[in-house]
Structures are given as structure tokens and as C-alpha cells.
Amino acid sequence: MSSGVAVNPACMEKFQELKLGKKLKYIVYKLNDTNTEIVVDKTSESANYDDFVADLPEAQCRWAVYDFEFEKEGAGKRNKLLFFAWSPDDSKIKQKMVFASSKDALRRSLNVALEIQGTDFSEVAYESVFEKASKGA
Amino acid sequence: MNYGGDEVQALVLDIGTDTTRAGYAGDDAPKAVFSTSYGFTVHPPAEGETGDDKSMPTKLYIGENGPSIWRPRMEVSNPFTNGLISDFAPIPAIVSHALIHSLRTNPAEHPVLVTEPAWNTPANRERMAEILFEEFQVPAFYIANTGVLNAFAAGKGTALVVDIGRNTASVLPVVDGFVLRKGVTQSALPMLLHANAHHMLTKPTPTRLGIDLLPHQLVSQKQPVDVNAPPNYVPRQDRVSYTTDSWKLWAEAREVDEWVSGVAGVLEQGWSEQHALTKHPRPYEFPTGYHTVFGPERFLPGEIYFNHAHLAASNPTLPKTLPTLVQTALANCEPDLRTPLLSNIVLTGGGSLLQGTAERLNNELIRSFGPKVKLHAGGNIIERRFGAWIGGSILASLGTFHQLWISAEEWQEHGRAIVGQRCK
């Protein structure tokens, strides 16, 4: 079941830039004001994970793609693309519903394997994300 | 096709075992909420009247002037068995009551989104589509799964939905917006709770009398009495011999439901007499005028959600408890799904409003599965009671949703098969 919301072409363009350009660190996506299209909210080159978490609003839903870099013991540096579905408990039920029913459209067009579903900041904290990302890396 | 846009408001219809909920897409709560149980009287044809039709004419009584109004020889029935519609005969009348009588709309002018339980059968959903298209001429139709609607309304594409309804408790693993059918588990737990409460109330205890659950419709007058004193009332003798067994059962069940929602609860940390004694007792008055104060016993029926140990004989055929349902559902899912499901548990349904249920379930699950358990219980009562309706209301109000509706033209062209193809 899906909402039928469309994905703005810029979402894909920015994603390709992040994947191939190796400059962008993360992209934050949101719904436009009329709930008809998924658009780019913000892109950033900041390598500081805290900056990314600060870009997730306390009571608003977002999606994000993050180029997660981590040290694998004895195997050097690894990179993994993460898809974030950010749906804080304090956001309005309407937004939660529209975001949840629209997520598939974005995730399928970006095709990122690993998803982090977050409803509070503990679920997107560096440690918990690191644990998920390093599994099977 | 341009359904679901701003000009044409869609309607949302959520028919459950206990209540039917109907309203406009985009609203925060359903405008019409009425009992799905309905009354009926059978009228034998008058003498001298002949006809080929052997069936006797039946009159249905639905909604606020339905079963709750006493009528001579009126029977009460309910179209649901185990959360599924098992008798479609009264469904058109229920739909008509919801959309035409209560909402005062012309269904031929509005797309209608209907909800269905996760274990609905293809034949059932197609029958529902047929009723709306053929008997109500709706321009467009969609049927949405309550498990997915509840998960989405909590902002989750992946969730373990624990839905406690009037007769059925179910646990539904939802993964990326789809119900994992092999993981769906359910039991008649709420019915057992109800039966237990009924039994407990009618039996005397050392501190109170056995309670006569006579409904107010059968009480003509009552005198105020002291607490715990035998009631002093005059029953409606004129009505007794015209009261059917099915109506009496329905009316007594309502008295028990009222008591459960007003007085009963469940202890957050598991049953202990000492702990129950520290909780405030609650006074309650029954329609006969009998009134008493319920102490620890008000926490007994709710225990049934979590264990059967206090029931006289342990019986393996008893409906599965909530923790067992969760365990079974998880065991039927791939191991790597268990952690994401456990950390996204969504508690919903009117039965979950029993005081203390969310806290107790959280405690029990943490004890069994560890700290990764995270329970989400919708903040307010409206969201918990009407979660699926609200989810459907938001979805159907989106302009972009018009691509998903099954239009009347498509129904004409493709027939029943389109329902399964479109509504996944």
C-alpha cells in the first residue's frame, strides 16, 4: 500500500552526486508542502555525524541518505550507504502516515540496501548506527 | 480519473466486530461510530397472504436506535466471527446506515476506502467491493489492511502491530509496508477476558453479593440503597416474556463491557495480591441500583491477557496470551527480522485501553526478549481506538492516492480480480 507520492528528479541527481562525486556526505529529503512530491531538503559535506543528527528535526519526519564511513577491525576503512527513515514520535500523525506510506517510492528509486528506522534520537545515535552498519561489512 | 482530489471528498469505512466507524477522509476522527451488532425482528406473513417467497420478512435495527432500544421479540446478531465478516446479509444495511443515514452522503458521489483485517480472505474482500460498486454505485473503491494502516499511522514501515479488538487479539508483523502473512497470529483472548469478568461479577464473594447484570431496559424503578446492600428495584415484568435470549446476552455483555472499561485494569508488574491492595478501590453502580467497591478483584480479568495461571484448570485450548502471540509471530518470521520488529511494537485497538495494558506488555516483553524491545502505544485514546480509520482517512485524503483507487469503470472491465491486483 502506498500513497502514490512522486519522487522529484533532483532526489536522484543529488544521490548520484553523493555516490560518485565522493564529496557530499549526506542528503536530507522531505515531502513538499502539498504532499505530492518528495524533494531534497538539504545536502551537506560535513563529515561530523553530529551535524547530520542536528539536521533531523525533533518533531518532523524526514528521510536521509548518509555515506557512513567506519573502521573495521583489522580490515581498514569501510564505506556504507545508509537510508534513514526519521519519524519521531512527537510528529503529527498525518505526517507520520504520509511519510510511512511514501517511503517505498524514494527507497526503491535510490536502491540503498540498509535502512535505519528512527523514532527517537537514541535510534540514530552514532553507536547504534555503527553497530548496524558494521554488521556483515 | 480524478477521484480523491479536493473537489470530491472520499469516505472511509471501518467495520469492526464491536463498532462501525465512518467519516470523511481528511478528518481527525470518524463522524459516525455505532455498534456493529444489530437487532432484528421476524414478521410472519399475515394470514391469507400467500407468496412464493418462503423466507419471512425481517426488519433490521441498526445504529443508535438499534439493539440498545428494547423491542418485543427482537433478536440481536453480529456479522463477525473471529474478526472476519461471516454473514454478509446485514452488511448492505450497515453500510447504508453508515454512509447514507449517518453521514447523509450519496455514496454514488464519493470514493470509499474500506478496511480489512490482515487475515481477510480474497472472497470476502471481493464481496465487499461488489457490495459497494453494485449496490451503492460508488465511483471508486479501495480496501486497506488495518495492520498496515496502524503501522503507518505510527510512522513505521516495519512494525509488529499488536491489535486488541472486541473479540480477537492479533499480532501482525508488517515489513516494508506489507503484512507478513505467515507471521500473523491471533486468538480469542478478549472473549476469554469478557467471559471471565462476567463469571466473576455474577458470583458472590465474601465482601459482596453476586451481581444481577439486568440491563436498565428491564428495570422499571429502583430505590437508592446503601453500598453492598441488596438492590431494591422493580423489574419490567411486562417485558420479560418478550425478551429474547440473544438480546439478553447482548445486553448483559454490554454491562460487562461497561464495567471493564470503567473499573478493570491490569497490574503493571504482574499479579500480586499485595500490590493489588495498594491500588485504589473503585466504586461502581449497576442498573439494578446495586453498588459496591471493587478492590483487588478488578485486576483479575485483565491478567488473562498475560497468563492463565489463575484460572481454575489450566487448559491447553485456552486462547493464547499476548506474550505467547508475540513469541509465535516472531518464531514464524526470519531471524534477522526479529530485532527490527521487537524494537517497533505498535499497540492498538480498543481492548488495549484496559488500564495498565501498555506498561504490562512492555514489562513482559522486556523480560522475555531483553532491552531491545520498544513499545509504541498511541498517545491518545482516539488514536488507539480509531488507528486504522485515521490511517485510512489520511491516505484517502491525499491527492496522489487517486492512482490507487479502483474506479467503477475498472471494476466493470476487470471484475473481481482487480481487487487483489490493486489492493496489496
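Buried, as I use the word here, means under 20% relative accessible area. With that settled, I note that I am working from a predicted model.

**Rings in chain B**

I started with Y284(B) and F286(B), and both turn out to be buried. Their ring centres lie 4.9 Å apart with the planes at 70°, so I logged the pair as edge-to-face.

Next I looked up Y142(B) and F401(B). Here the centres are 5.1 Å apart and the planes stand at 75°, so this pair is edge-to-face too. I was pleased to see how far along the chain the partners sit: Y142(B) belongs to strand 10 and F401(B) to the loop between helix 12 and strand 21, 259 residues apart. I checked burial for these two as well, and both are buried.

**Rings overall and in chain A**

Over all chains I count 25 aromatic pairs. In chain A, ring pairs join a cluster whose members include Y26(A), Y49(A), F52(A) and Y126(A).

**The fold of chain A**

I then read off the secondary structure of chain A: four helices and six strands. From the N terminus, their order is β-α-β-β-α-β-β-α-β-α. The radius of gyration is 15 Å against 14 Å from the globule rule for 137 residues, so chain A is as compact as a globular protein of that length.

How much of chain A is buried? I find 47% of its 137 residues in that class. I also looked at contacts with a separation of 6 or more, and 62% of them come from residues 24 or more positions apart.

Last, charges: chain A has 20 positive and 22 negative ones, and their mean positions are 5 Å apart.

Key
Residues numbered from 1 in each chain as written. Chains lettered and ligands numbered in written order. Predicted model: local features only at pLDDT ≥ 70, side-chain atom pairs only at ≥ 80, totals over all residues. Heavy atoms only, no water. Helix = DSSP H or I, 4+ residues; strand = E, 2+ residues; numbered from the N terminus. Rg over C-alpha atoms; globule rule 2.2 N^0.38 Å. Buried < 20%, exposed > 50% of the residue type's maximum accessible area, 1.4 Å probe, protein only. Contact = heavy atoms within 4.5 Å. Lys, Arg positive; Asp, Glu negative; His and termini not counted. Charge placed at Lys NZ, Arg CZ, Asp CG, Glu CD. Phe/Tyr/Trp six-rings, centres within 6.5 Å; stacked < 30°, edge-to-face > 60°.
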